[in-house]
Amino acid sequence: MERNEWLSMSEKVLSDVKEWRKAHPKATFVEIEDEVHRRMVQLEAQLLQDAALESSSREWGRDRSEPAPTCPTCHVSLQARGKRSRTLQGNGGESVTLTRTYGTCPKCGESFFPPR
Ligand SMILES: [Zn+2]
């Protein structure tokens, strides 16, 4: 996600909380905390997804400058076999979908979803 998208997303959280506070002038501290947390979780999920994709979505099968991962058994480069999505569960219960290139080992035929 672009920096300016981040800024507008953060600003939205801020203005949403302010709006909510106006609509709930008698909210308790715990209620306010819940409301803020609920919104921060979404921001956190987005940040988590962005940060995780940064290192994993590089297309090692296509981009020559990006070395292919190797089979841990045979120590040969994997062959790219397209992309697969995996949904992970974050700490706050939010889900994050990562799309990564997976590959097969030309020697033993094992399929990998590179862990990095
Ligand atoms: Zn192998």
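Is Cys71 buried or exposed? Cys71 is buried, with a relative accessible area of 0%. That makes a good starting point for a tour of this structure, which is a predicted model.

**The zinc site**

Cys71 is one of the residues that hold the zinc ion: the ion is coordinated by the SG atoms of Cys71, Cys74, Cys105 and Cys108, at 2.3 to 2.4 Å. The angles among the four donor atoms run from 105 to 115 degrees, and the site is tetrahedral. Along the chain, the donors follow the spacing C-x2-C-x30-C-x2-C. Cys74 has a relative accessibility of 18%, so this residue counts as buried too, the cut-off being under 20%.

**The chain as a whole**

Stepping back, the protein chain has two helices and three strands. Read from the N terminus, their order is α-α-β-β-β. The chain has 116 residues, and 27% of them count as buried. Its accessible surface comes to about 8300 Å², with 51% of that belonging to carbon and sulfur atoms. If you look at contacts between residues at least 6 apart in sequence, 45% join residues at least 24 apart.

**Charged pairs in the helices**

Side chains of opposite charge can pair when their charged atoms come close. Here the count comes to five salt bridges. The table shows some of them.

| Salt bridge | Closest N and O atoms |
|---|---|
| Asp16 and Arg39 | 3.9 Å |
| Lys22 and Glu19 | 3.6 Å |
| Glu35 and Arg38 | 2.8 Å |

The pair of Asp16 and Arg39 links distant parts of the chain: Asp16 sits in helix α1 (residues 3–23) and Arg39 in helix α2, 23 residues apart. Asp16 is partly exposed, at 23% relative accessible area, whereas Arg39 is buried, at 14%.

The other two pairs in the table each stay within a helix. Lys22 and Glu19 both belong to helix α1, three residues apart, about one turn of the helix. Lys22 counts as exposed, with 64% relative accessibility. In helix α2, Glu35 and Arg38 are three residues apart, so about one helical turn separates them. Glu35 counts as buried at 10%, while Arg38 is partly exposed at 46%.

Some of these residues also join up: Lys12, Asp16, Glu35, Arg38 and Arg39 are linked in a network of salt bridges.

**A charged residue without a partner**

Finally, have a look at Asp50 in helix α2 (residues 29–56). Asp50 is buried yet has no salt bridge, and the nearest side chain of opposite charge, that of Arg3, is 11 Å away. Leaving aside residues up to four places away in sequence, Asp50 touches Met1 and Trp6.

Note on methods
Residues numbered from 1 in each chain as written. Predicted model: local features only at pLDDT ≥ 70, side-chain atom pairs only at ≥ 80, totals over all residues. Heavy atoms only, no water. Donors = N, O, S within 2.8 Å, 3.2 Å for Na, K, Ca; no water. Tetrahedral: all angles 85-135°; square planar, octahedral: opposite > 155°, others 65-115°. Buried < 20%, exposed > 50% of the residue type's maximum accessible area, 1.4 Å probe, protein only. Helix = DSSP H or I, 4+ residues; strand = E, 2+ residues; numbered from the N terminus. Contact = heavy atoms within 4.5 Å. Areas by Shrake-Rupley, 256 points an atom, 1.4 Å probe, with all protein chains shown as cover. Lys, Arg positive; Asp, Glu negative; His and termini not counted. Salt bridge = Lys/Arg side-chain N within 4 Å of Asp/Glu carboxyl O.
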